[in-house]
Amino acid sequence: MYKNTAGYADPTAGEAMSRVMSTYKKKQREIWKKQYELKNRPKVYVVSKYAGDVKSNVAAAITYCRFVIEKGKIPIASHLLYPRMLDDTNLTERELGTMFGLALLAICDEVWVFGKERSSGMEQEIKEAKKLQKTIRYMEVV
């Protein structure tokens, strides 16, 4: 039973506090549920061209990632991440970035391939996805 500051039973205040806490806990559960759902969306490895017209290809990859998000999934696009910290023109660093990307591919639920024209890096990612028996979807985004 809820007691006031003087130590006397105060059922009215107790009921009010109980309702406030009940409402608070319900809202917290809703927040936690939404956060859980967002964090546990399926992960999609995005395969698209990087080499060549890098500026245009990066813009396209961002569009593809937004498409994946709109479909309720988490995009993983290693070619938007590793070229920012590794030198793609240095063969050793390019190989390192490629291997990091393939490690991310391994933890993804699906692999989505975007674009008709494929680079050697894309082919390597598709080959790895097949080896790991990942679901591969070939996508067209306009």
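Let's start at H79, whose contacts, leaving aside residues up to four places away in sequence, are V46, S48, K49, Y50 and A61. Keep in mind as you look around that this is a predicted model. H79 sits in helix 3, which covers residues 78–81. With a relative accessibility of 10%, H79 falls below the 20% cut-off, so it counts as buried. One of its neighbours gets something extra: the side chains of H79 and S48 make a polar contact at 2.7 Å.

Now step to L80. Again not counting residues up to four places away in sequence, L80 touches V58, A61, I62 and C65. A61 turns up here, and it was also on the list for H79. L80 belongs to the largest nonpolar core, a set of 14 residues. Which of its residues touch the most other members? They are V46, V68, L80, W112 and F114. Two or more residues come from each of strand 1 (43–47), helix 2 (54–70) and strand 3 (110–114). Helix 2 is the top contributor, giving six residues to this core. There's a second core apart from that one, made of eleven residues, and I76, V111, V113 and I126 are among them.

From the inside, let's go out to helix 1, residues 11–39, where you'll find M21. Together with V20 and Y24, M21 forms a nonpolar patch on the surface, and the accessible area of the three adds up to about 300 Å². M21 itself has a relative accessibility of 38%, between the 20% and 50% limits, so it's classed as partly exposed.

Helix 1 also carries a charged pair, R19 and E15, which lie four residues apart, or about one turn of the helix. They form a salt bridge, and their closest N and O atoms are 2.9 Å apart. R19 counts as exposed because its relative accessibility is 57%, over the 50% mark. E15, at 39%, is partly exposed.

How many salt bridges does the model have? The count is five. Another of them pairs R94 with D88, with 2.8 Å between the closest N and O atoms. Here R94 is partly exposed at 29% relative accessibility, and D88 is partly exposed too, with a relative accessible area of 28%.

Then there's K131 with E128, where the closest N and O atoms are 4.0 Å apart. That pair still makes the list because the cut-off is 4 Å. Both residues are in helix 5; being three residues apart, K131 and E128 are separated by about one helical turn. What about burial, buried or exposed, for K131? At 64% relative accessibility, K131 is exposed. E128 is at 18%, under the 20% limit, so E128 counts as buried.

Keep going along the chain and you reach Q133, in the loop between helix 5 (120–131) and strand 4 (135–139). Its backbone deserves a look: phi of Q133 is near 55°, a positive value in a residue that isn't glycine. As background, most residues other than glycine have a negative phi. Q133 is also out in the open, counted as exposed with a relative accessibility of 71%.

Another loop residue to pick out is G115, between strand 3 and helix 5. G115 has a relative accessible area of 29%, so it's partly exposed. Where does it sit relative to Y138? The two are 23 residues apart along the chain, and their C-alpha atoms are separated by 8.2 Å.

To finish, go back to helix 1 and find T12. T12 is exposed, with a relative accessible area of 63%. Now draw a line from T12 to E125: these residues are 113 apart along the chain, and 65 Å separates their C-alpha atoms.

Note on methods. Residues numbered from 1 in each chain as written. Predicted model: local features only at pLDDT ≥ 70, side-chain atom pairs only at ≥ 80, totals over all residues. Heavy atoms only, no water. Patch = residues over 30% accessible without salt bridge, like charges linked within 9 Å, V, L, I, M, F, W, Y side chains within 5 Å. Areas by Shrake-Rupley, 256 points an atom, 1.4 Å probe, with all protein chains shown as cover. Salt bridge = Lys/Arg side-chain N within 4 Å of Asp/Glu carboxyl O. Buried < 20%, exposed > 50% of the residue type's maximum accessible area, 1.4 Å probe, protein only. Polar contact = N/O pair within 3.5 Å; in protein donor to acceptor, adjacent residues only side chain to side chain. Contact = heavy atoms within 4.5 Å. Core = buried A, V, L, I, M, F, W, Y, C linked by side-chain atoms within 4.5 Å.
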